[in-house]
Amino acid sequence: FRLSWIYVPFLFISICLSTPLHFYNNFLYYDKERTKYIFINTLIGTIVNILFTFILVPYFGIYGSIVSDIISIIIRIFFILKVLDKSRRKIYSLKEILLYSILPMVFILIGFIPSFLWYKEDIKIINIIFKIFMIFTYCIIFTLKNKDVVKKFIDRYMRVYEKKFNK
């Protein structure tokens, strides 16, 4: 289990890419005529995943399975976008959702670079500091990009906090 951590960044990519899929999938739950597409999309994704797994795993091992999952998710995202009407895509653009999905991926992958290159079997304090720095940098960028949302969240939290303790 010691070296299994090397697969985590790639599994994380798969999870980050599935975020837009689940986001858009939720729109289909509220439209009774379109719920059948959830089943069709899941079926297509499963078949694609199984086929690519059979093709890629003999050559790439666990990485082949992860790549087949990523391919399946990408196909499912495009299927959902074809099913949804254009008005919903304008409100919630795929570009923005992918940005919020891919940005954390980039920071996490950069954070794992030292581990892959120099510290595969050792735990070094400099490696941990670098990861903390990457997390901190991501939080700053996220906060600066979403100042208004963060401010509203803090204001709402402070009001709840004040009500709770000023009784």
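The exercises below concern aromatic pairs and one proline in a predicted model.

**Exercise 1.** Determine how many aromatic pairs a search of the whole structure finds, and classify the pair Tyr7 and Tyr63.

*Solution.* The search of the whole structure yields two aromatic pairs. For Tyr7 and Tyr63, the ring centres are 5.1 Å apart and the planes stand at 55°. Stacked requires planes under 30 degrees apart and edge-to-face requires over 60, so this pair is tilted.

**Exercise 2.** State which parts of the chain the pair Tyr7 and Tyr63 ties together, and assign the accessibility class of each residue.

*Solution.* Tyr7 belongs to the segment before α1 (8–29), whereas Tyr63 belongs to helix α3 (residues 62–83). The pair therefore ties together parts that are 56 residues apart in sequence. The partly exposed class lies between 20% and 50% relative accessible area. Tyr7, at 22%, is partly exposed; Tyr63, at 31%, is partly exposed.

**Exercise 3.** Analyse the pair Tyr37 and Phe79 by geometry and by location.

*Solution.* The ring centres of Tyr37 and Phe79 are 6.4 Å apart, and pairing requires centres within 6.5 Å. Their planes are at 55°, so the pair is tilted. Tyr37 is located in helix α2 (residues 35–60) and Phe79 in helix α3, so the pair ties together parts 42 residues apart in sequence. Tyr37 has 26% relative accessibility and is partly exposed.

**Exercise 4.** Is Pro9 buried or exposed, and what separates its C-alpha atom from that of Val106?

*Solution.* Pro9 is part of helix α1. Its relative accessibility is 1%, so Pro9 counts as buried. Pro9 and Val106 are 97 residues apart along the chain, and their C-alpha atoms are separated by 10.0 Å.

Conventions:
Residues numbered from 1 in each chain as written. Predicted model: local features only at pLDDT ≥ 70, side-chain atom pairs only at ≥ 80, totals over all residues. Heavy atoms only, no water. Phe/Tyr/Trp six-rings, centres within 6.5 Å; stacked < 30°, edge-to-face > 60°. Helix = DSSP H or I, 4+ residues; strand = E, 2+ residues; numbered from the N terminus. Buried < 20%, exposed > 50% of the residue type's maximum accessible area, 1.4 Å probe, protein only.
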